[in-house]
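Please open the model in a viewer and keep the sequence panel in sight. The tour below proceeds by selection, one region at a time.

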Amino acid sequence: MTLAPLSNDVVSKKKIEFIDLKAQYESIKGKVDAAILHVLEHGHYIMGPEVQILESQLSAFCGATHSLGCANGTDALGLAMRALDIQAGDVVFVPSFTFAATAESVCWFEATPVFVDVEEGTYNMCANSLKAAIDYAHSAGLRAKGIISVDIFGQPANYDAIEALAKENDLWLICDSAQSFGATYKGRPVGSIGDITTTSFFPAKPLGCYGDGGAVFTNNAQLCEVMGSLRVHGKGADKYDNVRIGVNSRLDTLQAAVLIEKLSIFSKELKARQRVADRYSSALRDVVRVPVLADEVTSSWAQYTIRVKDATQRQDLMDHLKERGVPSVVYYIKPLHMQKIYAQYPTPGGSLPVTEALADSVLSLPMHPYMDEAQQDEIIAAVRSFF
Ligand SMILES: *Cc1c(COP(=O)(O)O)cnc(C)c1O
């Protein structure tokens with residue numbers, strides 16, 4: 001059956017997607033389909049050749065000596081902490097303004113996340129708040145072991161200050177770069193910072209696959225070897241020689257094959273994301289607070305997040321946008337230290353004022369590299385007409 005072409009006046013406008021993964025797929029369909037088919041035909045579904053190919057391409061892309069695929073970005077954090085020999089009772093400093101995985105993975109080991117506030121400007125971990133949290137841990141007699149920084153919405157954290165505090169206090173540093181793969185900090189690509197960097201290939205992340213996936217990066221050969229063993233049941237010479245207690249956390253060959261194709265267009269996509277962000281910022285900066293990048297930092301723009309007056313204004317704006325077909329999402333409406341399950345862990349000072357204010361006032365707008373100017377203009381007009 002053939003369908004008659006729709007006449008122009010009944011063709012509806014293309015729906016505005018928050019993140020348009022279908023547009024991306026359309027642009028690389030031939031290559032992705034062939035790559036998937038190739039895996040189906042060679043049949044090495046677990047740890048097939050594409051996994052290693054991807055790992056060396058990821059290393060070349062981000063400047064880390066070692067890259068290892070794993071099952072998801074949450075496991076990546078777990079693998080990193082296991083490799084750093086985390087023990088029950090250890091303290092790990094984490095921002096509260098993040099996705100649950102950052103603190104959740106600490107709790108897996110019966111270690112203690114201590115919540116830290118973020119900066120007013122970048123929404124990333126605040127060095128002063130981190131320092132206060134470290135002092136708190138010392139004075140409370142807790143065993144401070146490490147820091148997990150988060151590159152929120154795609155922007156690298158304040159690494160000069162965080163690395164200095166890690167060094168001074170003999171703490172390891174894991175960079176939770178689930179949202180920021182592709183970004184740079186003062187010329188250093190994300191993946192080459194900290195003792196271990198973790199990322200996620202969840203479909204909605206800047207570099208996403210077609211299911212769950214993640215990776216760890218390190219310049220330390222010893223840590224790489226341990227994480228490589230941990231992800232396959234603590235394997236030694238092979239997986240039936242078990243030299244440590246491990247987990248099962250491999251990146252599927254199929255996902256690696258998809259990621260190889262996506263990585264080949266990633267630099268182009270990052271430029272397109274920057275263009276979208278620049279257009280938003282110049283069109284909206286007089287009505288809302290637009291995102292601020294620190295000096296000498298690039299973002300991979302996992303989210304484009306504006307800030308309005310308060311929770312009431314935000315809800316009204318969301319309703320207004322929804323009526324005009326513009327999706328928007330609040331990341332993160334309930335910071336971790338205010339979630340019932342995480343409230344049992346320490347928040348030095350009792351509250352995190354910046355985090356709490358952000359939770360009431362931030363709103364993320366549609367952001368992806370396939371947004372054309374006409375669509376973006378619609379979103380901009382919808383936001384502006386509210387004010
Ligand atoms: C998405 C995300 C994770 C977890 O990644 P998954 O692949 O979904 O497990 C961890 N940390 C942050 C900051 C994230 O945004």
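In which sense do strand S6 (residues 184-185) and S7 pair, and over how many bridges? Select both strands in this predicted model: S6 and S7 pair in the antiparallel sense, over two bridges. Within this pairing, Tyr-185 has Arg-188 in S7 as its bridge partner.

**The three-stranded sheet**

Please add strand S10 to the selection. The strands now shown form an open sheet of three, in the order S7-S6-S10 and with antiparallel pairing. S7 and S10 (297-298) stand at the edges, and each has a single partner strand, so one side of each is left without a neighbour in the sheet.

**Helix H2 and its surroundings**

Next, select helix H2 (49-62). The helix has 14 residues, and the distance from its first C-alpha to its last is 20 Å, close to the 20 Å expected at 1.5 Å a residue. Display the side chains of Glu-50, Val-51, Leu-54, Glu-55, Leu-58, Ser-59 and Cys-62, which are buried in H2. For reading such a list, it helps to recall that an α-helix has 3.6 residues a turn, so residues three or four places apart point the same way.

What do the buried residues of H2 pack against? Their partners are H1, strand S1 (66-70), strand S7 (188-189), strand S9 (214-218) and helix H8 (253-264). S7 is thus met again here, as one of the elements against which H2 packs. Immediately after H2, select Gly-63, which has a positive phi, near 80 degrees.

**The loop before H2 and a nonpolar patch**

Move back along the chain to the loop between helix H1 (21-42) and H2, where Ile-46 is found. Ile-46 counts as partly exposed because its relative accessibility is 48%, a value that falls between the 20% limit for buried and the 50% limit for exposed. Now show the surface of Leu-37, Leu-40, Tyr-45, Ile-46, Met-47 and Leu-254: these residues make a nonpolar surface patch of about 530 Å².

**Helix H9**

Select helix H9 (residues 266-284), which has 19 residues. From first C-alpha to last, H9 reaches 27 Å, close to the 27 Å expected at 1.5 Å a residue. The buried residues of H9 include Phe-266, Leu-270, Val-276, Tyr-280 and Leu-284, and also Glu-269 and Arg-273. The buried residues of this helix pack against H1, H2, H8, S11, S12 and helix H12 (373-386).

One contact between H9 and H12 deserves a closer view. Select Asp-377 and Arg-279, which form a salt bridge with the closest N and O atoms 2.9 Å apart. Asp-377 lies in helix H12 and Arg-279 in helix H9, so that this pair links distant parts of the chain, 98 residues apart. Both partners are partly exposed: Asp-377 has a relative accessible area of 37%, and Arg-279 one of 25%.

**Strands S11 and S12**

From H9, go to two of its packing partners, S11 and S12. S11 (residues 304-307) and S12 (residues 362-365) run antiparallel and are joined by four bridges. Tyr-304 stands opposite Leu-365 in S12. Is S11 covered on one face or on both? Both faces are covered, with Tyr-304 and Ile-306 buried on one side and Thr-305 and Arg-307 buried on the other.

**A salt-bridge network**

The structure holds 14 salt bridges. Select Asp-90, Arg-143 and Lys-145, which are linked in a network of such bridges. Arg-143 and Asp-90 meet at 2.8 Å, N to O. This pair joins strand S4 (residues 143-150) to strand S2 (residues 90-95), with the two positions 53 residues apart in the numbering. Asp-90 also forms a salt bridge with Lys-145, at 3.7 Å between the closest N and O atoms. Because Asp-90 lies in S2 and Lys-145 in S4, the pair ties together parts that are 55 residues apart in sequence.

Colour these residues by accessibility. Asp-90 counts as buried, at 1% relative accessibility, whereas Arg-143 is partly exposed at 42% and Lys-145 is partly exposed at 29%.

**The final stop**

Finally, select Glu-110, in the loop between helix H4 (101-107) and strand S3 (112-116). Glu-110 counts as exposed, with 63% relative accessibility. Apart from neighbours within four places in sequence, Glu-110 is in contact with Ala-88 and Gly-89.

How values were computed: Residues are numbered from 1 along each chain as its sequence is written. This is a predicted model: local features need pLDDT of at least 70, side-chain atom pairs count only at pLDDT 80 or more; totals for chains, interfaces and linings use all residues. Side-chain values use heavy atoms; hydrogens and water are left out. Patches are made of residues with over 30% relative accessible area and no salt bridge: like charges are joined within 9 Å, nonpolar side chains (Val, Leu, Ile, Met, Phe, Trp, Tyr) within 5 Å. Accessible areas come from the Shrake-Rupley method with a 1.4 Å probe; for residues, only the protein chains shown count as cover. A salt bridge is a side-chain nitrogen of Lys or Arg within 4 Å of a carboxyl oxygen of Asp or Glu. Buried means under 20% relative accessible area, exposed over 50%, partly exposed in between (1.4 Å probe, protein chains only). The expected span of a helix is 1.5 Å times one less than its number of residues. Contact means heavy atoms within 4.5 Å. Two strands pair if DSSP finds at least two bridges between them.
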